[in-house]
Amino acid sequence: MKKILLASAAFSLMATGTAMAAGDVKIGVLLGYTGPIESLVAHMGPAAELAIKEVSDSGALLGGMTVTAVKADSTCIDSGAATAAAERLITSDKVSGIVGAACSGVTGAVLQNVARPNGMVMISPSATSPALSTAEDDGLFFRTAPSDARQGQVMADILMELGIKSVAVTYTNNDYGKGLSDSFESAYKAEGGTVTISAAHEDGKADYSAEVGALASAGGDRLVIAGYLDQGGSGIIRSSLDTGAFDTFHFPDGMYGAKLETDFGTEINGSTGQVPGTDSPGAAIIKKMGEANGFDGTSSFVPESYDAAALILLAMQAANSTDPGVYKNKVMEVANAPGEKIYPGELGKALKILADGGDIDYVGGTAVELIGGGESAGNYRQYEIKDGKITTVKYR
């Protein structure tokens, strides 16, 4: 069980005092603006900022405080750069909460090296490694994206239901890729499936013919690519198609994106995948909000980003404090029942309910339900490539 410890008293006073004195609270948005999920963050970042703006414009946070988003680049892959960016957010920008980080490895590094020592709350919209479920976090770390322990099971279920009894697996050589591949392999084998090979690949290579050759030699009815569409994942698809090694694939969340249609289209017809998502009213609202504000509300981890920012600010209101050491104890409370259900676009309403002493159940864009030490229970959208287009099959 995760330990709940009090944050440093000195830091708490500094964080709260700075925000209150200025009449403004700052929220860090620490995402991979460069790196292997840059195309996803192009939509995630604006979604988080939209929630922050919505709260600020409402004038209902803690007696009228304004809220400002401060962006910082985690790079997704460089832990040193990510921790330095997080340190700047806390020490220089004086943020009172962090949306992020975006990828599992850098998120773990920021949590242990920056957030815990400084008593800072982090809510990640997209760090999915199962290892984060049991990481020591002093009650400061939450995530609106489900763990890959859940995604691995969903992947296994989908493939077995499709009659795919053997697969080759390649994964990006980092915490995300390894954690997801291990979770999937365990679940798939338990259901009677066969993994012919599970091999790591490095991102950033110009040629993946050797990796694809090894995967093809092992065989399998489909190739599972637990990687990044903006990086090695696309290279592996292209090499597989050009050599005839594989023509259908299964894609986890890091492989979801418009490039599946624009770069491959009908070449990968019949390929399948899953991405966090629901058919809830909140998801439809986020889609419309994205259309109105210039981002894709259906892209990976976009509703999760809006929800992460919203939960930080709602927890502050519930605690009547911008001090992370105080409001961390309210995150689970505002996220779950009982209380009035709150959807995207209703943050001002939620703040007023909390200010009047009422309870809310923040549903948000992802049908938020936080379990265990503060992570999403997990919902997924299953899809298939049909006629070169990403087509929703169902929700799980």
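**Exercise 1. How many salt bridges does a search of the whole structure find?**

Keep in mind as you work that this is a predicted model. The search of the whole structure turns up 13 salt bridges. Let's get to know some of them.

**Exercise 2. Take the salt bridge between R116 and D138, and work out where each partner sits and whether each is buried, partly exposed or exposed.**

Step 1: start with the contact. The side chains of R116 and D138 come together with an N to O distance of 3.1 Å.

Step 2: place the partners. R116 belongs to helix α4 (residues 104-118), while D138 lies in the loop between β4 (122-124) and β5 (141-146). They are 22 residues apart, and the pair links distant parts of the chain.

Step 3: check the accessibility. R116 has a relative accessible area of 26%, so it counts as partly exposed. D138 has 9%, so it is buried.

**Exercise 3. Do the same for the salt bridge between R143 and E375.**

Step 1: the closest N and O atoms of R143 and E375 are 2.9 Å apart.

Step 2: R143 is in strand β5 and E375 is in strand β14 (residues 375-376), with their positions 232 residues apart in the chain, so to speak: they are 232 residues apart.

Step 3: buried means under 20% relative accessible area. R143 comes in at 1%, so it is buried. E375 has 16%, so it is buried too.

**Exercise 4. Which parts of the chain does the salt bridge between E267 and R238 link, and how accessible are the two residues?**

Step 1: look at the distance. In this pair, the closest N and O atoms are 3.0 Å apart.

Step 2: find the elements. E267 is in the loop between α9 (259-264) and β10 (272-276), and R238 is in helix α8 (residues 232-243). The two are 29 residues apart.

Step 3: read off the accessibility. E267, at 38%, is partly exposed. R238, at 27%, counts as partly exposed as well.

**Exercise 5. Which residues are linked with E161 in a network of salt bridges?**

Here the solution takes one step. K394 and R396 join E161 in the network.

**Exercise 6. Lay out the open sheet of seven strands and find its edges.**

Step 1: write down the order, which is β2-β1-β3-β4-β5-β14-β13, with mixed pairing.

Step 2: look for strands that pair on one side only. These edge strands are β2 (66-73) and β13 (370-371).

Step 3: zoom in on one pairing. Strand β1 (residues 24-31) and strand β3 (residues 98-100) run parallel and are joined by three bridges. L30, for instance, has G100 in β3 as its bridge partner.

**Exercise 7. Describe the cavities of 30 Å³ or more: how many are there, and what lines them?**

Step 1: count. The search of the whole structure gives two.

Step 2: take the largest cavity, with about 90 Å³ of space. Its lining consists of I37, A102, C103, S104, S126, T128, Y176, Y228, D253, G254 and F301. Sorted by class, that lining has six nonpolar residues, four polar and one charged.

Step 3: move to the second largest cavity, which has a volume of about 40 Å³. The residues lining this second cavity are E333, V334, L354, G358, D359 and I360. By class, three of these are nonpolar, one is polar and two are charged.

How values were computed
Residues are numbered from 1 along each chain as its sequence is written. This is a predicted model: local features need pLDDT of at least 70, side-chain atom pairs count only at pLDDT 80 or more; totals for chains, interfaces and linings use all residues. Side-chain values use heavy atoms; hydrogens and water are left out. On a 1 Å grid over the protein atoms alone, a cavity is a set of points where a 1.4 Å probe fits but cannot get out, and a pocket is an open set with protein on both sides within 12 Å along at least five of seven lines; lining residues have an atom within 4 Å of a point. Grid points are joined across faces, edges and corners, and a volume is the space filled by probe spheres set on the points. Ala, Val, Leu, Ile, Met, Phe, Trp, Tyr, Cys and Pro count as nonpolar, Asp, Glu, Lys and Arg as charged, and the others, Gly among them, as polar. A salt bridge is a side-chain nitrogen of Lys or Arg within 4 Å of a carboxyl oxygen of Asp or Glu. Helices (H or I, at least four residues) and strands (E, at least two) are DSSP runs, numbered from the N terminus. Buried means under 20% relative accessible area, exposed over 50%, partly exposed in between (1.4 Å probe, protein chains only). Two strands pair if DSSP finds at least two bridges between them.
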